[in-house]
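Trainee: Could you take me through one part of this model in close detail? Please pick a spot and build outward from there.

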Amino acid sequence: MASRYIYRNAPLNEVIVELQWELVEDQAGNRVDPVFRQFRELFAVGAQKLGFGLHESLLPDEIPLELLSHKVTNRFRKTADEWPLYQIGPGVFTANIVQPYSGWEAFRPIVEDGLKLLLDNYPIKIDLLNLDRMMLRYINVFTAEHGVRSVPEFVRDELGLECTLNEKIFQTAEGGMSNVLHSGRFEFPIYGSKKSVGQIYWGKGESTNKENDNVGLELRVISHDLDLSNGASNILERLDFSRSMINQWFEGLISDRVRANLKREELVNHGS
């Protein structure tokens, strides 16, 4: 059995599970979720039973829902500013968590409860809930604690990510290569899974400390052709696969120097 572990000094900023379903075209040509208002009320009742009773509206009611396709409009928490949380909007559901994060095994049951809320409370599931896309996102921010001294050097030397340009272009950069910031995206079909695409984003991350730069690294798996015949089970299996891919990419990207700064801790398996 593979060892289970977490990083005590992880760069992880947020984990997001997002599902989108196909919308319906109304007479005006807008893509709409015709039962969203009813779904919102039913989801709120179910979320409260799970302890997520704090219901926040994220946008003014005056904004027409037909302008908010696949945008979250409502958030559900246990208490103010507490994570994890659920979000819904016309054609979209998300489950989100930030630090402290105890690993996918701890977050997975929360995702499962949210998926069941979605599937149990969406009206006319067979006719309208046609899941179009699922995305698992791991958003990381590396700081000085993880070894960031220079954004381009960290991206190149510690993550192994580098964009090359003609030397004549680099010659126009004041200070040379040390002042060239790297940002970019890789996108690729995942081997052995025709229904999934991997994405890796990197670049300068947000920083509250003006003296130190941060490096952002986001790892995504996007899945299509989702099967609801087995309820939440098939979706969770796809998410397990997505998470295993993201973990493999993260471990393959970071250098041994960075890994040492993350302070890996083995988790004890209880039971057989």
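**A close look at Asn-121**

Mentor: Start with a polar contact. The Asn-121 side chain reaches the backbone oxygen of Leu-117, at 2.8 Å. Keep in mind that this is a predicted model.

Where does Asn-121 sit? Asn-121 belongs to helix H2. Is Asn-121 buried or exposed? Its relative accessible area is 17%, and buried means under 20%, so Asn-121 is buried.

Now look at what surrounds this residue. Set aside the neighbours within four places in sequence. Asn-121 is then in contact with Phe-39, Leu-42 and Phe-43.

Those partners lead us to a helix pair. Helix H1 covers residues 36-49, and helix H2 covers residues 104-121. Their axes come within 9 Å and cross at roughly 135 degrees. That angle makes H1 oblique to H2. The crossing of H1 past H2 is right-handed.

Which residues make the contact? From H1 come Phe-39, Leu-42, Phe-43, Gly-46 and Ala-47. From H2 come Gly-114, Leu-117, Leu-118 and Asn-121. So our starting residue is part of this contact, and Leu-117 is too. By type, the contact residues are six nonpolar and three polar, with no charged ones.

Finally, step back to the protein chain. Its secondary structure comprises seven helices and 13 strands. Of its 272 residues, 44% count as buried. The C-alpha trace spans about 60 × 55 × 40 Å along its principal axes. Take the contacts with a separation of 6 or more: 67% of them join residues 24 or more positions apart.

Definitions and conventions:
Residues numbered from 1 in each chain as written. Predicted model: local features only at pLDDT ≥ 70, side-chain atom pairs only at ≥ 80, totals over all residues. Heavy atoms only, no water. Axes fitted to C-alpha atoms, helices over the stretch in contact; angles between N-to-C directions. Helix = DSSP H or I, 4+ residues; strand = E, 2+ residues; numbered from the N terminus. Parallel < 35°, antiparallel > 145°, perpendicular 65-115°, else oblique. Left-handed = near helix turned anticlockwise from the far one by under 90°. Contact = heavy atoms within 4.5 Å. Nonpolar A, V, L, I, M, F, W, Y, C, P; charged D, E, K, R; others polar. Buried < 20%, exposed > 50% of the residue type's maximum accessible area, 1.4 Å probe, protein only. Polar contact = N/O pair within 3.5 Å; in protein donor to acceptor, adjacent residues only side chain to side chain.
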